[in-house]
Amino acid sequence: MFAYSIAIVIVVVALIYILKAVKIVPESRVYVVEKLGKYDKSLNAGLSFLNPFFDRVARIVSLKEQVVDFPPQPVITKDNATMQIDTVVYFQITDPKLYTYGVERPLTAIENLSATTLRNIIGDMTVDQTLTSRDIINTKMRQELDDATDPWGIKVNRVELKSILPPADIRVAMEKEMKAEREKRANILEAQAKREAAILVAEGEKQSAILRAEAKKETQIKEAEGRAEAIISVKKAQAEALKLLNEAQPTKEVLSLKSMETFEKVANGQATKIIIPSELQNLGGLVTAFSELNKK
């Protein structure tokens, strides 16, 4: 019975030993192991075995990128204005041993280091430069923090200024300036709109005047062409009449009668003076003589 009890105790001790000795490290984790109080090794992800009597896990380190949002820090600018700046630091542990033994309370160290670095950078800038130079401040802080935390096994990937809060009087002045700037832009846009509208109206009037002038020109051209065609038609008719008359070979007496017909038409008009050609005068004498012979 006694031997049976001893066997049970041995089995229990063995199970405890195995449970203490076997370590399963999750992904993106590193176990920092000390042997008799001194750094021995770092266990990466997977199955590992330790000596539970001499080895112990001193620290579990995460290799994931971490984000720390530090509270706003009062910072004095070059022109003696106190700004409240809230920073966010993105960092990653690259060496678990240095992170464990390099500095006491690493997050507190990073917070204090970021505050002093921010004061040094902002101290060389004015309020306007601080408000308009976020990217420059972020880059400078990242470089300086990365260099300072390298001995601690930490790599600073990014630093962002979450908020920049200037003093109340400066905020009031900035709001007034922004309001004046908006009103200025509105006035400029209104003036540009009126100018463009006036240009469009003038351009429309110009095009209308050009179209009216072109229409008048076309009308005058058509009228002139019509008159020219009419004159040409009359002249052609006269020429055709003369041609036919010549082909008929009229006698002198027929020509004289035609002249008398023309004279009759002229006499029916409103002319106050009529010039009778000599041919008509002679013809008139012949007609008179012929009439006297008929009477006898």
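Arg105 is exposed, with a relative accessible area of 57%. I start there, in what is a predicted model, and work inwards.

Arg105 sits in the loop that links α2, residues 96-101, to α3, residues 106-122. Its phi is positive, about 50 degrees, although Arg105 is not a glycine.

Ser28 can be put beside it. Ser28 is also not a glycine, and its phi is positive, near 65 degrees. You will find Ser28 in the loop between β1, residues 22-25, and β2, residues 29-35. Is Ser28 buried or exposed? Neither label fits: Ser28 counts as partly exposed, because its relative accessibility is 25% and the partly exposed class lies between the buried limit of 20% and the exposed limit of 50%.

One more positive phi, this time in a hairpin. Strands β7 and β8 form that hairpin, with five residues between the strands, and Asn80 has a positive phi near 60 degrees. The two strands run antiparallel, β8 covers residues 82-93, and four bridges join the pair. On β7, Ile76 stands opposite Thr82 of β8.

Now the faces of β7. In a regular strand, side chains alternate between the two faces of the sheet. Which residues of β7 are on the covered face? They are Gln73 and Val75, while Pro74 and Ile76 are on the uncovered one.

Next, the inside. The largest nonpolar core has 30 residues, and those touching the most other members are Ile85, Val89, Leu118, Ile137 and Met141. At least two residues of this core come from each of β8, α3, α5 (134-149) and β9 (154-165). Which element gives the most to this core? That is α3, with six residues.

Take Ile137 from that list. Setting aside neighbours within four places in sequence, Ile137 is in contact with Leu118, Ile121, Ile122, Met125, Thr130 and Leu161. Apart from the largest core there is another, of five residues, including Val25, Tyr31, Leu43 and Leu50.

I finish with Val159, which lies in strand β9. Val159 is buried, because its relative accessible area is 3% and the buried class is under 20%. With neighbours within four places in sequence left aside, the contacts of Val159 are Val88, Val89, Asn138, Met141, Arg142 and Leu145. Val159 and Phe91 are 68 residues apart along the chain, and their C-alpha atoms are separated by 8.8 Å.

That is the end of the walk, from exposed Arg105 to buried Val159.

Conventions: Residues are numbered from 1 along each chain as its sequence is written. This is a predicted model: local features need pLDDT of at least 70, side-chain atom pairs count only at pLDDT 80 or more; totals for chains, interfaces and linings use all residues. Side-chain values use heavy atoms; hydrogens and water are left out. Buried means under 20% relative accessible area, exposed over 50%, partly exposed in between (1.4 Å probe, protein chains only). Two strands pair if DSSP finds at least two bridges between them. A nonpolar core is a set of buried Ala, Val, Leu, Ile, Met, Phe, Trp, Tyr and Cys residues joined through side-chain atoms within 4.5 Å. Contact means heavy atoms within 4.5 Å.
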